[in-house]
Structure formats: C-alpha cells, structure tokens
Amino acid sequence: MASKKEWLLRLTVVALALGCTHAAAVDIDGLRVWEGPDKTRAVLDLDGPVDYRVFTLRNPDRVVVDIEDVVLPEGIAPPASDGKLIAGVRTGKRNGDGLRVVFDLKATTRPKSFLLPPVEPYGHRLVIDLHPQGTAAPAPTKQASEVQAQDRDIVIAIDAGHGGEDPGAIGPSGTYEKDVVLAVSKDLDVMLDALPGFRGELVRTGDYYIPHFDRHEKARQFGADLFISVHADGFYDRRARGSSVFVLSNRRATSEAAKWLADRENRSDLVGGVKLDDKDDMLAAVLLDLSQSAVKDASYEAADAVFKSISRIGNTHKKRVEAASFAVLTSPDIPSMLVETAFITNPEEEKRLKTRRFQKLVAQAIADGVVDYFAESSPPGTYVAKHGVERNQHIVSRGETLSGIAARHRVTLARLRAANSIDGDLVRAGDVLTIPAG
C-alpha cells in the first residue's frame, strides 16, 4: 500500500501533467475568409500546430471544422461573410478544450484542408479551401478559341504575384506587395489591350491567392504566347534598390523536365503542341527538351527586351537579365519571365511604388518591352506578323529627342507635339508620350 508521502508525490505529478496539457493549448490569433473566382479560402491563424478534422453536413449545407486543444481568445470574432459561397461563419466550444467552426453554405462544396508551417509574416495556419460542386469551370474572360484564327492577337498572360492571405514583401510603411503588383498588372492589361494585335489576360483579377501550377494552367487556357509574373522585390537590407527581370535557371528547368516526364497527368497535356503520353520515354524526353530549348531562348529574348525598356525609366538592380529558380516560371511550353518592379523594402522605392504615376510608368515600360520583342519575333498567323506593330505610347529614354521619337514612329513632329500638348522640343527621360495613330 502506498504511503501518504507517495500519494502526495503522485498527485503532484498528475497536477503538473494537467498543467502542461493546459499550457500546450494553442491560441487562435485570427480567422479570415478570402473569395476567389473558383474557390473560397478560410484561414485560421494559430500560434502552434493542431489536430483537426473537417467534414460536411447536408440540409442545410455546412462544412464543419473540429479542432482539438485550442483557445479562442476574447475579441476574435468570426468574419462577416455573405459571399458567393459562404452565408455565415459560427464558432463554439466543443468537449471542453476543443473548438468547432461551422461554415454555413449557399451551395454544396468540396472542402480541402491542410496545415501550413510558419512563414513570415505568418505563424502556423490551418487552411480550408471550399470548392463549389457541380459548376462548370469559368471560361477565360477573352476567348482563347481565337488562338488558331488568322490574324489572331498575341496573348500575354499577366500574373500579379501573391494575393489573398499571401501579402508578399511588406514595405517599411506597411505597403503590401500583392496590392502594388495587382495595380501594375491591371495597368499593363489595359495598355496591351489598347495595342492593335495584342491582348492581355489577367491571371489574378482580385485579392485572392492562386497556386503556382494553377497560374500556368490559366495561361494555357488563355492560349498565352508569353507569361509575365509581376512582383516587387524585398530584402533585409533596405538600401537594396532597382528593378530586375528573371528567367528560369537551367538547373530548375532540368529538374522540372524530369518531374513532367514522370507525371502521367502532365504528359497528357500539350507541350509545344505535341502530346507526350502516347510516346515512349526517350522520344518524350527528346520532344520535351526541344520544346524547353525553344521556350528558354524565347524567354530570355523577351526578358531582355523588357529589361532594356525598364532600364530607361530608372535604376536596375543588376546589369542584365538574371536566372533564378522561381516556381512560377516552370511552364515548359510558354515563354515566361518574372519582373521585380522595384524594392518595396527600400523606403524611397516603396513611396514610388505606391504612386499611380510610377505604377503606370512601370506597366508602360513592360508593355514597350513586350512590343519590342514581338516586333522582331511575332508568331505566324498573328495580326502583328502581318501588319507590324502600332504603338500608342512611348517612354522617353535618356538622350532621346522629340524629333527622333517622331521619326521612329513615322509621325510628323507637329502631330506629336499636338497629341502631347508640347510647345517646344523639350522632353525628359521617363516621360510617357502619346503616339498619334497613322
């Protein structure tokens, strides 16, 4: 029989164990909901990992999330939601130390959930993606079926980086990269649409997150001739400054080719216009290598044209196009580049990135680079291949004169002055001139 002293020792151990269990409970720091065009994402911000389960209920439709050993502090309320899919969000205690989160739905959904480890500026996160069931995939906003038509437009997929719960880099005054690059991307889309023979297609049209692979898929749905991912650089040293343009590194391209060939679902897609799933491994590898080589060359040439155009409006971080292992550039069949517009972590460049003037200036520089590239490398069957390029704006470079710009665009000096309300001949580097038609 245990002595009184032994019983006290046992009770102390039990009390300590119970205290440790309570101390291990995870706090919920926030609950957010983001709506995208093809799914709704809910994110629970946590201060540690959790055990959970997700299930659906019918009549009415609900998605239920049960989380073990969590604490919902006072002041953290469910988000107000009356969107396309979620009618409301409710929370309640469950079994003492648990929490139940209920998403009241307007339609039947297919939930997908996963935990994310800490990544600055976030801690642990529980993500629940709600996909509507029984709905057709949204059609591209501008018909990709036109791709095979004669005199078709050259299609540029414009990918605004980050989005939703992923803000990207954050400036010293709190500016989010995701907001700046979406504004630049929308400007670029408008500018390309205004050019005869060009059409922009926005991969992300609002504040929501799209996985990298899905961004490639959207570009394919658009029938894109070029993929441009728009970002704003970040670095721990706030002195870092300047724009950059990147293409995919050779090492990453090689590893992605191996993944593509190993994945039967990938091999069933068109790569360079050829299906690979019915080819033996050696032939598929050769065809993919040929496609990648052509895409790599085109990516670099297009990136170089954009880099030269951007260098006219300000500093560049390096003196040439760089190669890096960005996941968003791994499409083997669409020439791709990533443009870092400026360093948002540099206080001076953050201020510029927040202004509409600089956002439009960067967008115009990218558009000019795109036009420069396709003026020399237009795909057969396109309007540009048949009729050439017709610019409607021009960014003044250092050393350029008004008369030289008029001669380049084959307009009279008088018409160029009138279109831009210029009395004399003085222009400054970085000015954006309207080029009159004809």
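**Salt bridges, strands and rings in a predicted model**

Biologist: At 18% relative accessibility, does Asp431 count as buried or exposed?

Modeller: Happy to start there, with the reminder that this model is predicted. Buried means under 20% relative accessible area. Asp431 has 18%, so Asp431 counts as buried.

Biologist: Which residue forms a salt bridge with Asp431?

Modeller: The closest N and O atoms of this salt bridge are 3.8 Å apart, and the cut-off is within 4 Å. The partner is exposed, with a relative accessible area of 57%. The residue that pairs with Asp431 is Arg428.

Biologist: How many salt bridges does the model hold?

Modeller: Some salt bridges share partners, and one network of this kind joins Lys39, Arg41, Asp129 and Glu165. Counting by the same 4 Å rule for the model gives a total of 22.

Biologist: How far apart in sequence are the parts that Asp66 and Arg100 tie together?

Modeller: Asp66 and Arg100 form a salt bridge, with the closest N and O atoms 2.7 Å apart. Asp66 lies in strand S4 (residues 62-67) and Arg100 in strand S7 (residues 98-105), so the parts tied together are apart in sequence by 34 residues.

Biologist: And the surroundings of that pair: which of the two is partly exposed, Asp66 or Arg100?

Modeller: Asp66 has 1% relative accessibility and counts as buried. A relative accessible area of 31% falls between the 20% and 50% limits. The residue with that value, and therefore partly exposed, is Arg100.

Biologist: Which residue forms a salt bridge with Arg199?

Modeller: Arg199 counts as buried at 7% relative accessibility. The partner counts as buried too, at 0%. The closest N and O atoms are 3.3 Å apart, and the partner is Glu201.

Biologist: Let's move to the strands. Which are the edge strands of the sheet of 5 strands?

Modeller: This open sheet has mixed pairing and runs in the order S5-S1-S2-S9-S8. An edge strand pairs on one side only, which here gives strand S5 (70-71) and strand S8 (109-116).

Biologist: In S9, what is the bridge partner of Leu115?

Modeller: S8 and strand S9 (residues 124-132) pair in the antiparallel sense over 8 bridges. In S9, the partner of Leu115 is Leu126.

Biologist: How many residues of helix H8 are buried?

Modeller: Helix H8 (residues 356-376) has 21 residues and reaches 31 Å from its first C-alpha to its last, close to the 30 Å expected. The helix is largely enclosed by the rest of the structure, because the number of its 21 residues that are buried is 16.

Biologist: Is the aromatic pair of Phe198 and Phe374 stacked or edge-to-face?

Modeller: Planes over 60 degrees apart count as edge-to-face. Here the angle is 65 degrees, with 6.2 Å centre to centre, so the pair is edge-to-face.

Biologist: Which residue joins Phe198 and Phe374 in a cluster of ring pairs?

Modeller: Phe198 in strand S11 (residues 198-202) and Phe374 in helix H8 are 176 residues apart. Phe198 is buried at 3% relative accessible area, and Phe374 counts as buried at 3% as well. The residue that ring pairs link with them is Tyr373.

Biologist: One last item: which residue lies over the face of Tyr209?

Modeller: The cut-off for a charge over a ring is within 6 Å of the ring centre. At 5.5 Å from the ring centre of Tyr209, the residue is Arg215.

Technical notes:
Residues are numbered from 1 along each chain as its sequence is written. This is a predicted model: local features need pLDDT of at least 70, side-chain atom pairs count only at pLDDT 80 or more; totals for chains, interfaces and linings use all residues. Side-chain values use heavy atoms; hydrogens and water are left out. A salt bridge is a side-chain nitrogen of Lys or Arg within 4 Å of a carboxyl oxygen of Asp or Glu. Helices (H or I, at least four residues) and strands (E, at least two) are DSSP runs, numbered from the N terminus. Buried means under 20% relative accessible area, exposed over 50%, partly exposed in between (1.4 Å probe, protein chains only). Two strands pair if DSSP finds at least two bridges between them. The expected span of a helix is 1.5 Å times one less than its number of residues. Rings of Phe, Tyr and Trp (its six-membered ring) pair if their centres lie within 6.5 Å; planes under 30 degrees apart count as stacked, over 60 as edge-to-face and the rest as tilted. A charge sits over a ring if NZ of Lys or CZ of Arg is within 6 Å of the ring centre and within 35 degrees of the ring normal.
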